[in-house]
Amino acid sequence: MGDVVFAMSGALTAARHKMDIIGLLMIGVITGIGGGTLRDLLLGRKVWWTSNPDELILCLVASLVAYFFIRNFTEPHKGIVWLDAIGLGSFAVVGCHIALVSGAPFVVAVFMGMLTATGGGVIRDVLTGTRPMILSPGELYATAALGGAFVYALAVYLQVSALTAQLLGFLTVLLLRGASIVFGVRTAAPGQFPR
């Protein structure tokens, strides 16, 4: 799910910047697999898609779907933001899970969940010349991913069932990110109270 929505959000961003199909496919794929690639490199793991390209192909297909149906999105920015929120939640949980399974300490696993969730989007934004959402003033973006990864890792530590832990982590991200998108909830700059 994370691969599909992140690849589509990357493709939508590329379309908004009037890229051709090659640019759109490249941005879609990088958005889909970028965060996980960074995570694996930092954990000293073999980057998963180099031996099993299924997710690489899935990202290509999702990007192609976005390419052919892009005209149906009258407000691409809103589509990107919500697709990104779903991908953020999925990847925060998956990244944290893989780090825990790899033997990473609790704190490192939570950080890897955030990195997996935000890495592809940051690379997408840098390549398209867009200010990364992670650097936007007060946006609950990396904070949401960090919160979801923390909730997931804590649930695993407390030996909650796998499905429940995954849902709790995913919903934490979606609720925090959704609060920022819908209600404008923000964190504050240094020395200011949050709104």
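**Helices, cores and ring pairs in a predicted model**

Ser102 is partly exposed, with 38% relative accessible area. This serine belongs to the loop that runs between H4 and H5. The model described here is predicted. In sequence, Ser102 and Leu43 stand 59 residues apart. In space, their C-alpha atoms are 7.9 Å apart. Setting aside residues up to four places away in sequence, Ser102 touches Leu43 and Arg45.

A second serine, Ser90, lies in helix H4. Its relative accessible area is 10%, so Ser90 counts as buried, the cut-off being under 20%. Beyond residues up to four places away in sequence, Ser90 touches Met1, Gly2 and Phe170.

The nonpolar cores come next. In soluble globular proteins, nonpolar side chains tend to be buried together. In this model, the largest nonpolar core has 28 residues. Within this core, Leu88, Ala117 and Ala145 have the most contacts. Six helices each supply at least two of its residues: H1 (2-16), H2 (21-43), H3 (54-69), H4 (76-101), H5 (106-127) and H6. H1 gives the most, with 7 residues. Apart from this core lies another, of 14 residues. Among its members are Ala99, Ala109, Ala155 and Phe170.

Ala117 shows what such contacts look like. Leaving out neighbours within four places in sequence, Ala117 is in contact with Phe6, Leu88, Phe91, Ala92, Tyr141 and Ala145. Two of these partners, Leu88 and Ala145, are themselves named with Ala117 as having the most contacts inside the largest core.

Helix H6 covers residues 142-157, which makes 16 residues. From first C-alpha to last, H6 reaches 22 Å. That is close to the 22 Å expected at 1.5 Å a residue. The buried residues of H6 are Ala142, Ala144, Ala145, Gly147, Gly148, Ala149, Tyr152, Ala153 and Ala155. One of them, Ala145, has a place among the best-connected residues of the largest core. Another, Ala155, belongs to the core of 14 residues. After H6 comes Gln159, whose phi is positive, near 60 degrees.

A search of the whole structure finds 3 aromatic pairs. One of them joins Tyr67 and Phe68. Their ring centres are 5.1 Å apart, and the planes meet at 80 degrees, an edge-to-face arrangement. Tyr67 is partly exposed, at 33% relative accessibility. Phe68 is partly exposed too, at 48%. The rings of Phe106 and Phe150 make a further pair, with centres 5.7 Å apart. Their planes stand at 85 degrees, so this pair is also edge-to-face. The pair links distant parts of the chain: Phe106 is in helix H5 and Phe150 in helix H6, 44 residues apart. Phe106 counts as partly exposed, at 29% relative accessibility. Phe150 is partly exposed as well, at 40%.

A charge and a ring also meet in the model. The charged end of Arg39 sits over the ring of Trp48, 5.6 Å from the ring centre.

Finally, the cysteines were examined for disulfides. A disulfide is a covalent bond between the sulfur atoms of two cysteines. The structure holds 0 disulfides. Cys59 is buried, with a relative accessible area of 0%. Cys96 is likewise buried, at 0% relative accessibility.

Methods. Residues numbered from 1 in each chain as written. Predicted model: local features only at pLDDT ≥ 70, side-chain atom pairs only at ≥ 80, totals over all residues. Heavy atoms only, no water. Disulfide = S-S within 2.5 Å. Buried < 20%, exposed > 50% of the residue type's maximum accessible area, 1.4 Å probe, protein only. Helix = DSSP H or I, 4+ residues; strand = E, 2+ residues; numbered from the N terminus. Expected span 1.5 Å × (residues − 1). Core = buried A, V, L, I, M, F, W, Y, C linked by side-chain atoms within 4.5 Å. Contact = heavy atoms within 4.5 Å. Phe/Tyr/Trp six-rings, centres within 6.5 Å; stacked < 30°, edge-to-face > 60°. Lys NZ or Arg CZ within 6 Å of the ring centre and 35° of its normal.
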